[in-house]
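Thanks, everyone, for making the time this morning. I would like to go through one chain with you, starting from its overall form and then stopping at a handful of individual residues.

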Amino acid sequence: MTETSTAPETTAIRTDLLIGGEWQQPAAGERMDVTDPATGEVIGEVAGATVADVDAAVAAARKAFDDGGWSRISGRERSRVLLRVAALIRERSEELAQAESPDVGKPIMFTRMIDVPTAADQFEYFASLAQHLDGAVRETPLPAFAFTRREPRGVVAAISPFNFPLILSSSKLAPALAAGNTVVHKPAPQTPLSALLMADILREAGVPAGVYNLVIGPGPELGDALVRHPDVDMVAFTGSTAVGRIVARTAGEHLKPVAAELGGNAANIVFADADLDKAIGAVINAFVFNTGQFCMAGPRLLVDRSLYETVVGILGNAVGGVPLGRPSDPGTVIGPVASRAQLERIEQMVQDAVAAGGTVVTGGHRVELDGGFYYAPTVIAGLDNDAVAVKEEVFGPVLTVQPFDTEEEAIRLANSTPYGLAAGVQTGSISRAHRVANRLEAGIIWVNGWAMLDPAVPFGGVKASGWGRESGPEALESFTRSKSVIVTIDPEDAA
Ligand code: NAD
């Protein structure tokens, strides 16, 4: 198999595994199809790894870590390499945007505007933090000099999901590498293309052989082998709560740390004092961005009862006007969902919502276009708080709307979910914004907006949304461990 033979036409993406600095065919010779969600057609194939490849990748990462050529060089030297990674991402931005778009079904406007620049920003931000891996001096009554060091954890298994392949890989790789770890990366098997390009970029930027390794293949088999591998020191997992539970259980058995970034089901609260035009903009953005396949989406709208009919009416008229179409069209805002399975799941959840008494205000059906996996943006009113579409993560362009009568009730409804990744407060009162934000059980709260993110600001969840933090100095923290060194000061020591 030549390395470029069956990748999508627009790119020259290598399609094998990167292990120990070499592009390698998978041990069992398996290949996996890459499907374009905009047509349902196979547009290429990539290597399908097996556990033997995981073992080889972990061995390469272990060796690279123990050799010290990355883990023991200065943070400043690592920083220079990470800056080259960022520069190459920017140089190859169109190539990355063109690969990510058909792989995930993401509108090209967003892969250009958000996914690729954010990946570069992550590497620039953590290149800077790589130079600040400071410990602390501790004053004690001991006859000693006591200080702490921040050290890398070792070999990190980075397991990422299908919905933001490039961003969510970079948000792991940049801090993990900045801290001096070596990595075995397993992207979601449905969306491997940007990871293959990134592997090439990391190599070209001068990340030493074995420091970054890429295996592509089925999650239950490869992911599980990585999590239980004795030479993997830490797991950085982003994915569903169901799989997160399995990963945490296995990691717990082996007493290894897991950064768990899991599912979400955020509430977006619109108070009567909100600027209604802006609030509606935030509401629509919160549930259609990334075609609703956004862990921090806001699929649960809570509206002050005095505005309820008005808001439902506005949404009914406005939502159908959000441009839905081919991801390659620069005007498209809503593309297809990433897979046929995802489409069928959304369709079933909407049917169940109607059976449970919900009223479809707009949408509620597939959209036929080129045989792709399109679903119309959908608003459902009239559901009880315990309906499945309200309680569970739909992960598609579907919004449920519920009224509330008091601030207290809004907070209670917002928190009445096992998840706690994000929440939104749309209000004209600064005091209410703070009061409500302080009481919402979520890792990130947006006031008068939605989905603004930056590598400097940590994100992650509480409750069933996990406990990891990506971005910000907090991410670097989680990829390091603290060591205390106590040096005896002997008064008798000969000078
Ligand atoms: P998923 O849980 O199905 O898969 C995530 C990753 O885990 C994939 O790489 C998959 O191959 C792998 N995997 C599957 N089974 C495994 C196992 N037994 N052991 C180890 N790894 C395994 O999730 P998905 O469908 O790819 O992504 C969507 C989910 O991810 C949604 O629930 C979404 O909310 C969540 N998500 C969370 C965040 C966050 O930051 N909290 C961000 C994006 C997505």
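Let me begin with the surface: the accessible area of the chain comes to about 19,300 Å², and 53% of that belongs to carbon and sulfur atoms. Please keep in mind throughout that what you see is a predicted model.

As for the overall form, the C-alpha atoms fill a box of roughly 85 × 65 × 40 Å along the principal axes. For 495 residues a compact globule would have a radius of gyration near 23 Å, and because the chain comes out at 24 Å, the two agree. Its secondary structure amounts to 15 helices and 21 strands, and 57% of the 495 residues count as buried. If we take the contacts with a separation of 6 or more, 72% of them are between residues 24 or more positions apart. On the charge side, there are 40 positive and 60 negative side chains, with the centres of the two sets lying 4 Å apart.

Now to the interior. Which residues have the most contacts inside the largest nonpolar core? That core has 82 residues, and the ones in question are Val85, Ile89, Phe123 and Tyr212. Helix H6, residues 193–205, gives the most to this core, with 9 residues. Apart from it lies another core, of 40 residues, including Val288, Val311, Ile334 and Leu421.

Staying with Tyr212 for a moment, and leaving aside neighbours within four places in sequence, its contacts are Leu18, Leu173, Val183, His185, Ala195, Ala199, Leu202 and Val207.

His185 also appears in the surroundings of Ser160, which touches Leu168, Ser169, His185, Lys186, Pro187, Ala188 and Thr238, again not counting residues up to four places away. Ser160 sits in the loop between strand E7 (155–159) and helix H5 (165–178), and with a relative accessibility of 4% it counts as buried, the cut-off being under 20%. Ser160 and Ala188 are 28 residues apart along the chain, yet their C-alpha atoms are separated by 5.9 Å.

A second loop residue is Thr291, placed between helix H9 (276–288) and strand E13 (300–304). Is Thr291 buried or exposed? Its relative accessible area is 1%, so it is buried. Beyond its sequence neighbours within four places, Thr291 is in contact with Ile334, Gly335, Pro336, Val337, Gly396 and Pro397, and Ile334 is one of the residues of the 40-residue core.

Strand E13 comes up again with helix H13, residues 407–415, in which Glu407, Ala410, Ile411, Leu413, Ala414 and Asn415 are buried. The cover over these buried residues includes strand E12 (267–270), E13, strand E18 (398–404) and helix H14 (430–439).

Thr362 lies in strand E14, residues 359–362, and at 14% relative accessibility it counts as buried. Outside the four-place window, Thr362 touches Leu315, Gly316, Val319, Gly320, Pro377, Thr378 and Val379.

Finally, consider Phe145 in strand E6, residues 144–152, which at 40% relative accessibility counts as partly exposed. Leaving aside neighbours within four places, Phe145 is in contact with Val137, Val485, Ile486, Val487 and Ile489. How far apart in space are Phe145 and Asp329? They are 184 residues apart in sequence, and the C-alpha to C-alpha distance is 63 Å.

Key
Residues numbered from 1 in each chain as written. Predicted model: local features only at pLDDT ≥ 70, side-chain atom pairs only at ≥ 80, totals over all residues. Heavy atoms only, no water. Helix = DSSP H or I, 4+ residues; strand = E, 2+ residues; numbered from the N terminus. Rg over C-alpha atoms; globule rule 2.2 N^0.38 Å. Buried < 20%, exposed > 50% of the residue type's maximum accessible area, 1.4 Å probe, protein only. Contact = heavy atoms within 4.5 Å. Areas by Shrake-Rupley, 256 points an atom, 1.4 Å probe, with all protein chains shown as cover. Lys, Arg positive; Asp, Glu negative; His and termini not counted. Charge placed at Lys NZ, Arg CZ, Asp CG, Glu CD. Core = buried A, V, L, I, M, F, W, Y, C linked by side-chain atoms within 4.5 Å.
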